[in-house]
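Here are some comments on the model you asked me to look at, set out as numbered points so that you can follow each one in the viewer. Please keep the sequence and the structure open side by side as you read.

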Amino acid sequence: MVEITPRLSIGQGAERTGLSVHALRFYENEDLFLTPVRRGAGGRRVYSEDDVAWLTVCIILRASDMPVPVLRRYAALVREGAGNEEERLALMREHEARVADRIGRLTESLDLIRFKAAVYEDLVDHGSAAAHHCHGPSTGAEEARSSVPRREVLAE
């Protein structure tokens with residue numbers, strides 16, 4: 001008995017992956033698929049469930065800012081099959097370090113944003129008499145004269 005594999009048009013592939021038709025063509029042109037994209041009647045691209053599953057991996061890696069050349073290398077290693085797991089691991093560990101560093105920087109940014117939001121919430125809740133002091137850097141003399149609590153001054 002022959003197993004029938006569902007074939008998706010480029011529009012269906014785009015819908016299933018959340019990519020645009022243009023992005024699907026880009027992934028193909030960048031040699032990011034594990035197997036060559038098949039063509040159906042009239043030479044139109046058709047995708048399998050395996051293509052969709054692989055593209056999902058690619059989408060997640062790209063969302064984590066994996067550069068296209070690194071993703072291309074990863075795809076090539078997967079296409080080669082068993083025997084290159086050490087290189088795949090090294091590639092993933094390097095990317096993991098880049099993502100962890102980025103998360104650290106974003107966490108610092110989020111901490112500052114939350115602090116600034118809390119300062120403005122305090123100002124809104126307690127009136128805006130001191131609001132002009134928290135929009136830019138203040139000099140030491142202004143800080144000494146200011147009736148603004150230290151929390152607001154530090155937030156500038």
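1. The largest nonpolar core has 23 residues, and those with the most contacts inside it are Leu24, Tyr27, Phe33, Tyr47, Trp54, Leu71 and Tyr74. Two or more residues of this core come from each of helix H1 (10-17), helix H2 (21-29), helix H3 (49-63) and helix H4 (68-80). As background, nonpolar side chains in soluble globular proteins tend to be buried together. Please bear in mind from here on that this is a predicted model.

2. It helps to place that core within the whole chain. The protein chain has seven helices and three strands, and when it is read along the sequence these follow the pattern β-α-α-β-β-α-α-α-α-α. Of its 156 residues, 30% count as buried. Among the contacts in the protein chain with a separation of 6 or more, 48% are between residues 24 or more positions apart.

3. How are the three strands ordered in the sheet? They form an open sheet in the order S1-S3-S2, and the pairing is antiparallel. Strand S1 (8-9) and strand S2 (38-39) are the edge strands, each of which pairs on one side only. Helix H3 packs on this sheet, where it touches S1, S2 and S3, and the direction of H3 makes about 80° with that of S3.

4. The link between S1 and S3 can be followed residue by residue. Two bridges join S1 to strand S3 (residues 45-47), and these strands run antiparallel. Within S3, Val46 is the bridge partner of Ser9.

5. Arg45 is a useful residue to select in the viewer, and its place is in strand S3. Leaving aside its neighbours within four places in sequence, Arg45 is in contact with Leu8, Ser9, Ile10, Arg25, Glu28, Val37, Arg38 and Arg39. With one of these, Glu28, the side chain of Arg45 makes a polar contact of 2.5 Å. Arg45 and Arg7 are 38 residues apart in sequence, while their C-alpha atoms are 9.4 Å apart in space.

6. Which residues of H1 are buried? They are Ile10, Gly13, Ala14 and Thr17. Seen down the axis of H1, these buried residues fall within an arc of 100°, so they line one face of the helix. What covers them includes S1, H2, S3 and H3. Just after H1, Gly18 takes a positive phi of about 80°.

7. Ile59, whose place is in helix H3, brings us back to one of the residues just named. Leaving aside its neighbours within four places in sequence, Ile59 is in contact with Thr17, Leu19 and Tyr27. Ile59 and Thr17 are 42 residues apart along the chain, yet their C-alpha atoms are separated by 8.2 Å. Is Ile59 buried or partly exposed? Its relative accessible area is 23%, and since buried means under 20%, Ile59 is partly exposed.

8. Ser64 lies in the loop between H3 and H4, and here the same cut-off gives the other outcome: a relative accessible area of 19% is under 20%, so Ser64 counts as buried. The side chains of Ser64 and His95 are joined by a polar contact of 2.6 Å. Leaving aside its neighbours within four places in sequence, Ser64 is in contact with His95, Val99 and Arg102.

9. Two aspartates deserve a look for their backbone angles. Asp31, found in the loop between H2 and S2, has a positive phi of about 60° although it is not a glycine. At 42% relative accessibility, Asp31 counts as partly exposed. Asp65, for its part, lies in the loop between H3 and H4, and its phi is near 70°, a positive value in a residue other than glycine. With a relative accessibility of 43%, Asp65 also counts as partly exposed.

Terms used: Residues numbered from 1 in each chain as written. Heavy atoms only, no water. Core = buried A, V, L, I, M, F, W, Y, C linked by side-chain atoms within 4.5 Å. Buried < 20%, exposed > 50% of the residue type's maximum accessible area, 1.4 Å probe, protein only. Helix = DSSP H or I, 4+ residues; strand = E, 2+ residues; numbered from the N terminus. Pairing = 2+ DSSP bridges. Contact = heavy atoms within 4.5 Å. Axes fitted to C-alpha atoms, helices over the stretch in contact; angles between N-to-C directions. Arc of directions from axis to C-beta. Polar contact = N/O pair within 3.5 Å; in protein donor to acceptor, adjacent residues only side chain to side chain.
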